Amino acid sequence: MSVPPEYLPLSLVVSATLFTIGVGGVLLRRNAIIIFLCIELMLNAVNLTFVAFARQLGVDGQVFVFFVMAVAAAEAAVGLAIIISVFRHYEMVDVERFDLLKW
Amino acid sequence: MEMIPALGSALAGLLQEAAHGAAGAAGQGAAHGAGQAAGDHGGSFTPILPGLILLIPLIGAAVNGLGAFLWRDRRLVPSWVGPLAVGGAFAVVLANFLRMLETGAAGPAVVTLWSWLSVGGLEVGVDLLFDRLSMVMMLVVTGVSTVIHVYSAGYMRDDPGISRFFAYLNLFVFFMLVLVMGGNFPVTFVGWEGVGLCSYLLIGFWYENAEYSSAGKKAFIVNRIGDFGFLVAMFLLFAMFGTLDYVPIIESAADELAYGGITVTAVTLLLLLACTGKSAQIPLYTWLPDAMAGPTPVSALIHAATMVTAGVYLVARSGVLFAMAPMSQAAVATVGAGTALFAATIALKQYDIKKVLAYSTISQLGYMFLAVGVGAYTAGIFHLTTHAFFKALLFLGAGAVIHSVEHAFHEQGHHGDPNDMRSHGGLMSVMPVTGTTMWAATLAIAGVFPFAGFFSKDEIIWYAGSYGYPILWGVSLVAAVLTAAYMARLMFMTFHGENRTDEAAGQGASSALHEAPAVMTVPLVILAVLSVVGGWIQIPEALPLPHVSWLHDWLHPAVEPALAVAEEHGVEAAHAAPLGGGEAVWAGVSLVLAVGGIVAGAAWVRSKEILVPERAADDRGLARVLNRKWYVDELYERVFVGPLLALSRACWRVVDDRIIDGAVNGLGYAGRALGWVGSRLQSGRIGTYVLVFTLGVLAVLGGLVL
């Protein structure tokens with residue numbers, strides 16, 4: 001199965017839309033889990049761009065996607081662990097309420 | 001007498017190599033000096049072991065200085081090393097003197113030990129100058145020092161710091177010799193500062209007593225004012241002559257300088273400032289009475305016989321410059337005569353035996369300044385020499401008295417001041433040797449025939465009158481009467497009348513009074529003999545006595561250039577005093593005045609009962625003013641010390657604390673303030689960070705796209 005080259009702009013539009021939704025979610029939501037999901041959304045938007053460009057520019061983009069997935073998986077593990085620790089302490093995950101880490 | 005040059009050559013044999021080097025240098029120096037020696041006094045002088053004169057006291061100081069750390073308990077070692085080191089220097093000086101006497105050479109011989117400063121046009125070597133003037137000074141310094149060192153061995157016998165004491169004392173002798181032997185102004189200045197240092201160390205010798213150590217500081221700081229004059233005078237001299245060596249300056253001063261010109265007047269007035277500091281003249285004399293805080297042999301050696309005469313020596317040494325500046329000469333003479341009278345009035349009402357002698361010293365130094373100021377350099381040096389004998393004797397005698405009274409007080413557990421003459425009285429019967437020898441010195445200082453002071457003081461008074469200073473002449477005559485009076489007061493209060501020691505310290509105290517041991521009385525006797533015969537080296541022709549002009553002839557080559565300048569400009573001695581009458585008449589008058597002064601002083605002491613310090617009422621009226629030294633210390637405190645302290649405090653509180661510290665602290669506060677502003681950005685809220693981060697990325701991307 002192959003996707004013709006003229007679909008590239010469509011892929012990029014989808015990717016940009018996903019990315020913007022992710023950014024908006026990170027900026028506007030206060031629940032740490034949701035913010036985390038939005039970050040994953042942004043990563044996958046980037047992955048889509050890589051894959052789309054890989055059609056014309058070679059396989060490098062696809063390889064890069066695997067790296068991003070691996071790093072994202074590691075990040076998810078660490079991030080979830082932190083969120084769980086925070087939840088155990090505060091019994092909530094509202095990022096607006098966490099402001100101890102300063103000067 | 002034959003033995004001493006032999007000793008010199010024996011030493012030369014021992015130190016052949018060193019001696020060879022020195023002799024080589026001496027040969028050069030002598031060749032250099034021979035050309036400048038006046039024709040009829042020609043003949044070069046080759047000094048014997050010149051470096052050794054300085055080296056021996058320095059070694060003594062080093063050994064005693066080490067001893068102060070190493071053998072604290074062996075007090076016998078320093079009491080031998082100290083006197084022997086100075087005695088050794090005296091022996092070498094004596095050998096040199098005998099050679100100079102024998103060969104009739106006048107010098108000036110300059111021995112350059114090594115080159116010290118060589119900067120651009122300035123060439124200063126470590127030069128030792130041997131001429132008739134420095135020879136007299138070397139003899140006086142080492143001779144009197146030797147006697148006083150021997151006395152000190154007895155006086156300081158029980159002091160735990162004896163080793164340190166002799167280290168300082170030997171170091172003093174070293175620096176004093178540097179001062180008088182220096183062949184140029186900088187070397188003299190080194191000695192000048194060095195003796196000041198030793199004076200400071202020895203005044204504050206008993207440093208546990210805060211009052212004593214601040215007396216040392218006072219001496220040091222007051223002398224700094226004078227030293228400033230010395231330094232600026234040196235700069236001016238270098239600017240004028242391009243050299244600082246005495247010999248070329250003396251040679252060329254008459255040709256290169258304008259008579260009475262501004263520069264030479266400035267130089268000599270600055271030198272006078274230096275001399276008023278070191279020799280305790282008005283206005284810088286206030287440190288000397290306080291300097292009595294030091295051990296009594298120190299007062300005798302440094303603050304009576306040697307160091308304080310450095311100013312007189314310096315004026316005599318640069319006599320040519322002073323002769324070129326008649327205004328400065330008048331200033332020197334006025335300062336001298338004024339000090340002589342002023343200090344004598346204060347001495348009349350002091351109760352501390354050493355304070356009387358201190359003011360007496362200031363007064364006698366005033367006479368010497370009067371002499372060198374009017375141009376009678378020989379008379380000044382003459383009085384310097386005789387004064388060294390009788391004033392050293394007076395101080396040493398006072399030391400013996402203090403020792404004895406202190407012992408009596410100590411036995412009784414009394415904590416009074418042993419120096420206070422109101423607690424003495426009638427000591428003649430227990431201390432006959434001290435009393436008798438001090439009487440010899442008293443008659444000498446009062447100017448009673450045939451004691452030494454009669455000849456030297458009379459000569460000064462005579463020249464003051466005959467060189468045309470009638471007012472100063474009158475002042476010096478009045479001061480002579482006062483001198484006799486306060487000395488008679490001192491002697492009668494201390495040695496005659498009823499003994500008051502029991503009254504001061506409790507019954508039985510007087511039984512502990514004792515004569516000093518032989519190690520102290522023998523120096524007293526030696527100095528007493530010198531106080532009697534010391535004046536016979538110069539007996540004026542006018543008196544119905546054998547005419548002796550040994551000192552005059554001896555010093556003539558050294559003072560001749562200055563006299564020549566004076567003569568050239570018409571300054572000559574008259575042959576009559578301002579009120580008429582010749583030298584013999586006025587010698588008789590001053591003898592009558594001296595005896596009258598003694599009788600008046602004695603009558604004054606006997607006229608009223610003397611109360612011990614505990615019971616004595618405060619003096620009133622003029623007596624109180626004199627006792628409080630005309631309130632000069634209070635005046636200086638108010639006029640100079642107070643404002644200076646206020647200024648220093650302003651510098652501390654305003655300039656240092658506010659401006660300098662303020663600038664540094666201000667920078668610190670500014671940094672902290674900036675940091676505080678920055679810290680507000682770190683809110684700890686992730687949302688804010690992400691927003692700023694996103695906006696930042698958008699801004700960068702926007703920038704790239706546009």
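A residue is taken as buried if 20 or more other C-beta atoms lie within 10 Å of its own. By this criterion, in the predicted model described here, B:T296, B:P297, B:V298, B:S299, B:A300, B:L301, B:I302, B:H303, B:A304 and B:A305 of α12(B) are buried. Because 10 of the 10 residues of this helix, which covers residues 296-305 of chain B, are buried, α12 is largely enclosed by the rest of the structure. The surroundings of α12(B) are helical elements of chain B: its buried residues pack against α5 (132-155), α6 (162-181), α7 (185-203), α11 (287-290), α16 (353-374) and α17 (377-412).

Chain B as a whole comprises 27 helices and four strands. Along the principal axes, its C-alpha atoms fill a box of roughly 125 × 70 × 55 Å. Of its 706 residues, 53% count as buried. When contacts in chain B between residues at least 6 apart in sequence are considered, 81% of them join residues at least 24 apart.

The largest nonpolar core contains 231 residues, and those with the most contacts inside it are B:L177, B:L370, B:A392 and B:L393. Helix α17(B) provides the largest share of this core, with 20 residues. In soluble globular proteins, nonpolar side chains tend to be buried together. The surroundings of B:L393 illustrate the contacts made across the sequence: with residues up to four places away left out, B:L393 touches B:T437, B:M438, B:A441, B:L524, B:L527, B:A528 and B:S531.

Helix α17(B) also takes part in the packing of a second helix, α23(B), whose buried residues pack against α5, α9 (246-256), α14 (319-324), α17 and β3 (538-539) of chain B. The buried residues of α23(B) are B:L551, B:W554, B:L555, B:P557, B:A558, B:V559, B:E560, B:A562, B:V565 and B:A566. One of these, B:P557, is the centre of a kink of about 65° in α23(B). The length of the helix was also examined. At 1.5 Å a residue, the 19 residues of α23 (residues 550-568) of chain B should span 27 Å, and the end C-alpha atoms are 25 Å apart, which agrees. After α23(B) comes B:G570, with a positive phi near 75°.

Among the strands of chain B, β1 (residues 109-119) and β2 (residues 122-130) pair in the antiparallel sense over eight bridges. One bridge places B:A109 opposite its partner B:F130 in β2(B). Two residues lie between the strands of this hairpin, in which B:G120 takes a positive phi near 55°. Within β1 of chain B is B:T112, whose C-alpha atom is separated by 6.3 Å from that of B:L128, 16 residues apart along the chain. B:T112 has 18 other C-beta atoms within 10 Å and is therefore partly exposed.

Several backbone features depart from the usual conformations. Most residues other than glycine have a negative phi, and most peptide bonds are trans. A cis peptide bond joins B:I282 to B:P283, with omega about 5°; B:P283 is located in the loop between α10 (262-278) and α11 of chain B. Another cis peptide bond links B:F449 and B:P450, with omega about 0°, and B:P450 is placed in the loop between α18 (432-446) and α19 (452-466) of chain B.

A positive phi also occurs at residues that are not glycine. B:W630, with a phi of about 60°, lies in the loop between α25 (621-627) and α26 (632-681) of chain B. With 13 other C-beta atoms within 10 Å, B:W630 is classed as partly exposed. In chain A, A:E91 likewise has a positive phi of about 60° although it is not a glycine. This residue is found in the segment after α3 (60-90) of chain A. A:E91 has 7 other C-beta atoms within 10 Å, so it is exposed.

The contact between the chains takes 11 residues from chain A and 10 residues from chain B. On the side of chain A that touches chain B, eight residues are nonpolar, none is polar and three are charged.

How values were computed: Residues numbered from 1 in each chain as written. Chains lettered and ligands numbered in written order. Predicted model: local features only at pLDDT ≥ 70, side-chain atom pairs only at ≥ 80, totals over all residues. Buried ≥ 20, exposed ≤ 12 C-beta atoms within 10 Å, placed from the backbone. Contact = placed C-beta atoms within 7 Å. Nonpolar A, V, L, I, M, F, W, Y, C, P; charged D, E, K, R; others polar. Core = buried A, V, L, I, M, F, W, Y, C linked by C-beta atoms within 7 Å. Expected span 1.5 Å × (residues − 1). Bend = angle between axes of the 7 residues up to and from the residue. Pairing = 2+ DSSP bridges.
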